[in-house]
Structures are given as structure tokens and as C-alpha cells.
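Reader: Hey, I've got a chain open on my screen and no idea where to start. Could you walk me through it?

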Amino acid sequence: MTISNGQSWRTMTLPINTVPGLRDAGDPRDAVTLARKQGPISTIGKAFETSAIVDLAGLTLSRGANIGYVAAEALASLRRRDKGKQRAILEYCHAYPGFTWAQLRPGTEPWAQGLIMHAAAREMAKKYGKTAWFRAVGWTHGGATDASRENYYQSLTEMVAAYDALALNGPGGDPLHFFVDQTAASTKQGQAQNSYLDQVRFAVANASRVHLIGPRYPYAFGDEIHHNAAGTVRIGELEGLVKHKVLDLGQKWDCARITAVAAEKGGFTLAVTRPPGFGDLAVDTAAIEAAADKGFALRVGGASLPIASVTVSANLVRVVPVTMPAAGTPVEVSYAFYGRPDVPPGTHAGAWGNVKRVGPPSLYFPSETVDTWLCAYKAPITV
């Protein structure tokens, strides 16, 4: 069993036939939406959308998809490709299209609907002679705005604790894993929020169970806020790949993120993690347009410090300013944090960059790869 939760990016159902690579890609035995065949798991209000996907024979492939659907379909395909033990996948969503944890926590209607769905999932498993095994939560959420002064790290802590309290696999049973992504600034929002950094901090602090698959900024938007069908498939396929690596192959996942910055030799050297199975750092201006200085920025006292060059190697990024500040100067180093508020709706996020790690071939897009991009970053360093 895999659960989807979060906000509208997670709940939106988009037509598969708008993405040629996904059209008819699934085997009906691998990923279907029960809501299209047998009615929804539960009756829910207009503010909610839900999908339930199961890897069982006898059901019809859905004509709609959301992030959880694509992740489940990709997970089933990867299991089949790697000749692993095939397991039934039931995926369902009890998210709400808002932007705060307070709209989703225990006591709210979305949480209550989730309780109904968890119980219904058990019954669905019994129908097919299966035992329900709850494995993961896919979490997509906008994160707190700076103006809200919400402690988003604490909100994520409460979210995990709320699921743990349910003990879905029984007292002492297997704990859930959480697969999260780093939010992207809307197309009219030319700057990321500090809560985006909390998402990374939280995943690092809870790495045994919380897995940050990567940032959302490179994936295509359909409007000012939400991904279109192609963007939904790209982020969903990455989530399915990471779930396969963690849940099936037992690999330790750490998305491409900056772990250290050193001021040396007239510039700044940034160390970047390498997820298992992904290549050297690369600069991509084809999948997403070139950002200023590839998305990197240096600031001293709030003022921009002009950059002369940005280069990447296997696991390092080198950012060289036109003039290196004097020793003892505090410098803010950032990536994909500052962008442009004039990015047209329907293109990509308002703050972005061009650095990624190239992954395996895509299941859905010919000649494309499943990449994980460098997470947004902002931190001070003293020269």
C-alpha cells in the first residue's frame, strides 16, 4: 500500500492521453485506477480528488493520472524489469488542495477521509486474498510562506508522527517511509521560501525513513502553480524510481544536494551528493532555459556579488566571483533560490537552475532520462 498526501500538486488528475509517452504504457495488471472501474474508495467532497492503483489482473487501465498513479505504475514496471518479486500495489490519495499542515492534520476532514481509505484498503486487499502492508507516503506540499512564520520543520515532524500514531502495520510493525519533493516557487514568485530549505533539512535529519527525491523547479507547469501532464509524469516517474531503489533494492537514497561550501583559491567550491545509479554533475539548458549564472548567486549584505564563472565537475561546483571579497566577509551562497517573478505562466518555476545528475532511461519518454536536479540552497559562509 502506498499513500499520497499533501496539496493540489499531489491530488490533480490529468488525462494520460495528453502525454504521448504515457499513453497505453501500462499493463492493466500493473496499475489501474479503481475509481474508474469500481467506484471511489470513499465518497469525498468536491475539494478532494482520489486515485487508487492496484497491480492486480481483471481491472481496466485508467484514463487519468496524478503523481501517485505514475509513481505506482513506474514502480510496478521497474519491479517487473528487475525480475523482482511482484507485489500488488494499491495507491490512494487523501490530500487537500491547500498549503498548510493545519489543513491536513488529524482532526481535519482530509485526515478523516484518510482513515476511511486506510480501512477500505485493508478490505480491498482481503478481497484478493492479500494482506495489507502499508509501505510509504508520497508527500507533495507547498511549504510554509515566510510571511506565515510557520515552523515548517516542526510541521513535517508532526506529519510523520501523525502517521506513526496510526500504526498501520500493527504495534511494532514496519514503519512507513516518506517520499517527499522540494517545492518550486510559482511562476509569479521569483524567490524561494525558507521552508523549501526545511524540506531538505528534514529529509537529511530523518534519512532512514524520509527520502527527498529532488526539486520540482525543472518540471513543466500548466499554469502559475501546478504541473501539466508532462511535468506530472516526470516527477511521478522519479518518485517511482526512488521508491524502487529504497523499498525494493535497499539502497540509501540522497538526492543531489549541496553539503558543503568552501571559500578557496579566489572562489567558492560546493560539494554535491551523488544518488546511487546517477552520473556526474551536468549543466542542462535544453530541458529548462538557462538561468542567470546557472541559478547560482552570491550576496554580500543583501547586494549581489557579480559572478565571473560557474563550472561543474563530477561532484563539485565551482563559483568564481569577479572580485573575491576580503577575508572575514560574510557571503550568502545560493542556488535556485532567487529567480524572476516575470516567468510566464505555463513554463517552469520562478526560481530555477540548470544543474542536474543524469539517471537511467525514462520508461515513458523516448531518448530521455530520469534525472534528479540540484536542490535549491541558501547558506552563509565567511571568507
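Author: Sure, we'll go through the whole chain, then some sheets, then a few single residues. One thing up front: this is a predicted model.

Reader: Okay, how many helices and strands are in the chain?

Author: The chain has 7 helices and 19 strands.

Reader: And what share of the residues counts as buried?

Author: That's 54% of the 383 residues. There's also a number for contacts across the sequence: taking contacts in the chain with a separation of 6 or more, 75% are between residues 24 or more positions apart.

Reader: Cool. Let's do a sheet. What's the strand order in the open sheet of 4 strands?

Author: The order is S9-S10-S15-S14, and the pairing is antiparallel. Strands S9 (258–264) and S14 (307–312) are at the edges. Each of those two has a single partner strand, so one side of each has no neighbour in the sheet.

Reader: How much does the sheet twist?

Author: The twist averages 15 degrees from one strand to the next.

Reader: What joins S14 to S15?

Author: A hairpin does, through 3 residues. S14 and S15 (residues 316–321) run antiparallel, with 5 bridges between them. You can look for valine 310 opposite valine 319 of S15, and for serine 309 opposite valine 320 of S15.

Reader: How many bridges does S15 have with S10?

Author: There are 4 bridges between S15 and S10 (residues 267–272), and that pair runs antiparallel too. Here, alanine 271 stands opposite leucine 316 of S15.

Reader: Which side chains of S15 are buried?

Author: Val317, Val319 and Pro321 are buried, and they point to one face. Leu316, Arg318 and Val320 point to the other face and aren't buried, so the side chains alternate along the strand.

Reader: Nice, I can follow that on screen. What about the open sheet of 3 strands?

Author: Its order is S11-S17-S18, with antiparallel pairing. The edges are strand S11 (281–283) and strand S18 (372–373). Each has a single partner strand, so one side of each is left without a neighbour in the sheet.

Reader: How many bridges join S17 to S18?

Author: 2 bridges, and the strands run antiparallel. Lysine 356 has tryptophan 373 of S18 as its bridge partner.

Reader: Switching to single residues. Where is arginine 357?

Author: Arginine 357 is in strand S17 (residues 355–357). Arginine 357 is buried, yet has no salt bridge.

Reader: Wait, why doesn't aspartate 280 count as a salt bridge partner?

Author: Aspartate 280 is the nearest side chain of opposite charge, but it's 4.9 Å away. A salt bridge has to be within 4 Å, so this pair doesn't qualify.

Reader: What does the side chain of arginine 357 reach, then?

Author: The side chain of arginine 357 reaches the backbone oxygen of valine 272 at 3.3 Å. There's also a polar contact, at 2.8 Å, between the side chains of arginine 357 and asparagine 315.

Reader: Got it. Where does histidine 211 lie?

Author: Histidine 211 is in strand S8 (residues 210–215). Its relative accessibility is 3%, so histidine 211 counts as buried.

Reader: Which residues does histidine 211 touch?

Author: Leaving out residues up to four places away in sequence, histidine 211 touches His177, Phe178, Phe179, Val180, Val246 and Trp253. The side chain of histidine 211 also reaches the backbone oxygen of arginine 209, at 3.5 Å.

Reader: Last topic: backbone angles. What's phi of arginine 149?

Author: Phi of arginine 149 is near 60 degrees, a positive value in a residue other than glycine. Arginine 149 sits in the loop between strand S6 (136–140) and helix H5 (152–166). Arginine 149 is exposed, with a relative accessible area of 77%.

Reader: And what's phi of aspartate 293?

Author: Phi of aspartate 293 is near 55 degrees, which is a positive value in a residue other than glycine. Aspartate 293 is in the loop between S11 and strand S12 (296–300). With a relative accessible area of 36%, aspartate 293 is partly exposed.

Reader: Great, I'll go and find those on screen. Thanks!

How values were computed
Residues are numbered from 1 along each chain as its sequence is written. This is a predicted model: local features need pLDDT of at least 70, side-chain atom pairs count only at pLDDT 80 or more; totals for chains, interfaces and linings use all residues. Side-chain values use heavy atoms; hydrogens and water are left out. Two strands pair if DSSP finds at least two bridges between them. Axes are lines fitted to C-alpha atoms, for helices over the stretch in contact, and angles run from 0 to 180 degrees between N-to-C directions. Buried means under 20% relative accessible area, exposed over 50%, partly exposed in between (1.4 Å probe, protein chains only). Lys and Arg count as positive and Asp and Glu as negative; His and the chain ends are not counted. A polar contact is a pair of N or O atoms within 3.5 Å; within protein, one must be able to donate a hydrogen and the other to accept it, and residues adjacent in sequence count only if both atoms are side-chain atoms. Contact means heavy atoms within 4.5 Å.
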